[in-house]
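I opened this notebook to record what I looked up in one structure. The entries cover ring pairs, one sheet and charged pairs.

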Amino acid sequence: MRITHLRRVIPTAVLAVAVVLGMSGPAGAAEPAAADLTFTADRQSVTPGGAVELTMTFTNNQETDIRFVYQSVQPTWPTTQFKDLKYAFTSCTSEGVTCAGTGTTNLNLAHAVPLAPGATRTVTLTVAVAADSGCDADIGFYSYLYYEYDGGRAAKDGVFTTPGTHVDCAPATGPARS
């Protein structure tokens, strides 16, 4: 005996499964986690004697409190190659973060902990370029960040870079026209 009714049942079953899967949508399409550390700069260039403000935001994108944080900010290797550049961090302001190294080109940051899931800390760093600094070079920094969460059972680290700031040469001043 031939089973002819299966020819009719199989296409109907395949169509039913396709409809059910199509209505359920993509499984587990979660939003990407916020970056651990982001930087913005208030300007892309500065002249000697000027300053640039860097805004740094640290986000706890974990599901538990962050219980320990180590962070440093250092000039990038290309920045250190311009020996005539003169610059320093002149201020570091934030609630919940203490900075060490103001007045130098390196900072260490101490974050108050715990930092709850989803919470952020924003720090404003001012980098002043000396009036007698060299020019036509870029100043950039990188930050090493290490933190522990999940009661100290898990840790994460990474290197994050600031936007580069070009030090423009001051425009030449010519003789006054009469």
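My entries follow, beginning with the basis of the model.

**Entry 1. Basis**

I worked from a predicted model, in which local features need pLDDT of at least 70, side-chain atom pairs count only at pLDDT 80 or more, and totals for chains, interfaces and linings use all residues. Residues are numbered from 1 along each chain as its sequence is written, and side-chain values use heavy atoms, with hydrogens and water left out.

**Entry 2. Aromatic pairs**

A pair of aromatic rings is described by the distance of the centres and the angle of the planes. I counted rings of Phe, Tyr and Trp (its six-membered ring) as paired if their centres lie within 6.5 Å; planes under 30 degrees apart are stacked, over 60 edge-to-face, and the rest tilted. How many aromatic pairs does the structure hold? I found six.

One of them joins F68 and Y146, which meet edge-to-face with 6.1 Å from centre to centre and 65° between the planes. This pair links distant parts of the chain, 78 residues apart: F68 belongs to strand β4 (residues 66-75) and Y146 to strand β10 (residues 141-149). For such labels I used DSSP runs, numbered from the N terminus: helices are H or I with at least four residues, strands E with at least two.

I then looked up Y70 and Y144, whose ring centres are 6.2 Å apart; their planes stand at 50°, so I entered the pair as tilted. Because Y70 is in strand β4 and Y144 in strand β10, this pair ties together parts 74 residues apart in sequence.

For accessibility I took buried as under 20% relative accessible area, exposed as over 50%, and partly exposed as in between (1.4 Å probe, protein chains only). F68 counts as partly exposed because its relative accessibility is 40%. Y146 is also partly exposed, at 24%. Y70, at 38%, is partly exposed, and Y144 is partly exposed at 27%.

I also noted a cluster in which ring pairs link F58, Y147 and Y149.

**Entry 3. A three-stranded sheet**

I traced an open sheet of three strands in the order β2-β12-β9, with mixed pairing. Two strands pair if DSSP finds at least two bridges between them. Which strands lie at the edges? They are β2 (45-46) and β9 (137-139), each pairing on one side only. Strand β9 runs antiparallel to strand β12 (residues 165-167), and three bridges join them. I looked up A137 and found that its bridge partner in β12 is V167.

**Entry 4. Salt bridges**

Side chains of opposite charge can pair when their charged atoms come close. I required a side-chain nitrogen of Lys or Arg within 4 Å of a carboxyl oxygen of Asp or Glu. On this basis the structure holds five salt bridges.

D36 and K156 form one, with the closest N and O atoms 3.1 Å apart. The partners are 120 residues apart: D36 sits in the loop between α1 (5-24) and β1 (37-41), and K156 in strand β11 (residues 154-161). Is D36 buried or exposed? D36 counts as buried because its relative accessibility is 8%. K156, by contrast, is partly exposed at 32%.

R43 and D42 meet in a salt bridge at 3.6 Å, N to O. R43 is partly exposed at 39%, and D42 is partly exposed at 44%.

D150 pairs with R153 in a salt bridge whose closest N and O atoms are 3.2 Å apart. I entered D150 as partly exposed, at 28%, and R153 as exposed, at 66%.
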